[in-house]
Amino acid sequence: MSQMKAVSAEPFGLKRDGGGLAAGIKILEKELKRVSLDTVLAKANRVTVRKGSAGAGAFATMKPKPVDWYSFDAGDNATKEWYPQGLTCASDAGIGGSTFVVSWYHTPASGAERGVRLSFLNTATLRYRHVLLVRAGADGNIAPINIHAGGVAWYGNLLYVADTTRGLRVFDTRQIFEIDGDGTETIGRKGDVYEAFGYRYVMPQTDAWTTTSGTVRFSFAAVDRSTAPDTLISGEYVDTAGTVGRVARWPLTEAGILNAPAGGVVKAVDAYELPAGKIQGALSYEGAWYLSQTAGSTGNGTLIVAGDTVRRRPYPVGPEDLTCVRDKRTLWSVSEFAGRRTVYGVPL
């Protein structure tokens with residue numbers, strides 16, 4: 001029995017709100033080459049280092065130590081313009097394989113806002129590639145999506161990206177397009193070609209779920225495959241002293257779509273009060289909750305495990321979203337701050 005305190009799920013409603021997105025994607029299908037996720041992974045152009053130095057010092061105080069970790073390349077580890085936030089994996093999707101997906105948000109020092117990108121990381125090949133998330137207008141033009149993207153969850157072909165005050169944005173791994181222009185400073189259709197800030201691949205938003213309550217926030221996301229039916233998790237980051245956030249679980253269909261009545265509102269199946277503030281990620285699995293708590297850019301974080309009891313385990317600086325590799329019984333997170341950026345896993 002989990003020690004998490006149940007609260008009312010009534011405020012947790014989501015209404016499907018994907019109107020107008022299909023028209024733009026239809027134009028992209030005519031003007032750009034659609035590619036598979038396997039193609040993106042096969043053409044991954046960046047190298048991850050298994051058990052790289054970016055993690056060695058960061059994990060010194062952890063107990064238990066990570067079973068494995070993967071460091072981003074030097075440029076991605078050092079940049080102050082992109083920050084990793086969300087994490088999900090092929091085990092969440094139910095497709096097998098060794099792929100992780102990391103969401104990053106852009107904080108431009110100058111120049112154009114570039115929105116959100118996803119890193120598709122294959123731990124078998126030690127390579128990864130960034131894909132830019134975009135919104136395709138009714139005229140087929142594309143624009144960046146300027147949100148925090150604090151969490152990402154993968155189920156089947158669908159990727160749910162947390163949109164803090166609005167709800168969840170949906171992307172489809174079957175809808176990835178190859179950009180035919182080479183411009184690195186602009187985005188959109190330029191004459192007969194498309195540009196996307198130098199990114200070779202883009203994923204247009206395919207759907208959206210909008211909150212029916214102004215009191216609910218969507219700071220992170222995860223998948224629970226141990227419930228019946230499988231559920232999508234969302235939760236709230238709160239850093240106000242004396243205040244904590246909540247988590248909720250939403251029912252999924254076998255296709256990975258939130259299970260709402262036709263044209264109606266999907267309600268969370270349950271909701272819980274978090275046992276502490278500054279929670280950056282939450283995952284439930286086999287009756288227990290795993291929560292990543294941050295202590296800022298210099299302090300070590302905490303992994304809170306709320307099962308029959310509440311336990312606290314040392315975590316590195318800047319822990320974010322959580323995901324689970326079920327056949328290995330490992331819990332994974334990503335650290336956000338420059339110089340420490342790794343995807344790392346610990347025993348459940």
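Student: Which members of the largest nonpolar core touch the most other members?

Tutor: Met4, Val247, Trp289, Tyr290, Leu291 and Leu331, out of 30 residues in that core. Keep in mind that this is a predicted model.

Student: What makes it a nonpolar core?

Tutor: Two things have to hold: the residues are buried ones of the Ala, Val, Leu, Ile, Met, Phe, Trp, Tyr and Cys kinds, and their side-chain atoms join up within 4.5 Å. The 30 residues form one such set, with Met4 and Trp289 among those touching the most other members.

Student: Which elements give two or more residues to this core?

Tutor: Strands S19 (220–224), S24, S25, S26, S28 (319–325) and S30 (342–347) do. There's also another core apart from it, with 29 residues, including Trp82, Cys89, Ile142 and Tyr194.

Student: What is Met4 in contact with, leaving aside its neighbours within four places in sequence?

Tutor: Val247, Tyr272, Glu273, Leu274, Pro275, Trp289, Leu291 and Ala306. Each of those pairs counts as a contact because it has heavy atoms within 4.5 Å.

Student: How do you know that S25 and S26 pair?

Tutor: Pairing takes at least two bridges. Strand S25 (residues 288–295) and strand S26 (residues 299–306) have six and run antiparallel, so they qualify. One of the matches is Ala295, whose bridge partner in S26 is Gly299.

Student: What makes S24 and S27 edge strands?

Tutor: Each pairs on one side only, S24 being 279–285 and S27 being 310–317. They sit at the two ends of the order S24-S25-S26-S27, an open sheet of four strands with antiparallel pairing. On average, neighbouring strands of this sheet are turned by 20° against each other, direction ignored.

Student: Why is Gly307 counted as buried?

Tutor: The cut-off is under 20% relative accessible area. Gly307 comes in at 12%, so buried is the right word. You'll find Gly307 in the loop between S26 and S27. Its C-alpha atom is separated by 9.7 Å from that of Ser284, and the two residues are 23 apart along the chain.

Student: Why is Gln85 called buried?

Tutor: Gln85 has a relative accessible area of 2%, which is under the 20% cut-off, so it's buried. Gln85 lies in strand S7 (residues 82–89).

Student: What makes the pairing of the Gln85 and His148 side chains a polar contact?

Tutor: The distance limit is 3.5 Å between N or O atoms, with one able to donate a hydrogen and the other to accept it. Gln85 and His148 make theirs at 2.8 Å. The side chains of Gln85 and Glu336 are joined by another, of 2.9 Å. Both distances are within 3.5 Å, so both pairs pass on distance. Leaving aside neighbours within four places in sequence, Gln85 is also in contact with residues including Ser103, Tyr105, Gly150, Asp321 and Val334.

Student: Is Ser234 buried or exposed?

Tutor: Buried: its relative accessibility is 1%, and the cut-off is under 20%. Ser234 belongs to strand S20 (residues 231–235). Its side chain makes a polar contact with that of Trp250 at 3.0 Å. Residues up to four places away in sequence aside, Ser234 touches Phe218, Phe220, Arg246, Val247, Ala248 and Trp250.

Student: Which residues of S6 point which way?

Tutor: In strand S6 (residues 68–71), Asp68 and Tyr70 point one way, Trp69 and Ser71 the other way, and all are buried.

Student: How do you know that S6 pairs with both S5 and S30?

Tutor: Set the bridges against the minimum of two. Strand S5 (residues 49–50) and S6 have two, in the antiparallel sense, with Arg50 opposite Tyr70. S6 and S30 have four, again antiparallel, and Trp69 has Tyr344 as its bridge partner in S30. So both pairs pass. They belong to an open sheet of five strands in the order S5-S6-S30-S29-S28, where S5 and S28 are the edge strands.

Student: Why is the protein chain called as compact as a globular protein of that length?

Tutor: Its radius of gyration is 19 Å, and the globule rule gives 20 Å for 348 residues; the two are close, so the description holds. The chain has five helices and 30 strands, and buried residues make up 58% of it.

Technical notes: Residues numbered from 1 in each chain as written. Predicted model: local features only at pLDDT ≥ 70, side-chain atom pairs only at ≥ 80, totals over all residues. Heavy atoms only, no water. Axes fitted to C-alpha atoms, helices over the stretch in contact; angles between N-to-C directions. Buried < 20%, exposed > 50% of the residue type's maximum accessible area, 1.4 Å probe, protein only. Rg over C-alpha atoms; globule rule 2.2 N^0.38 Å.
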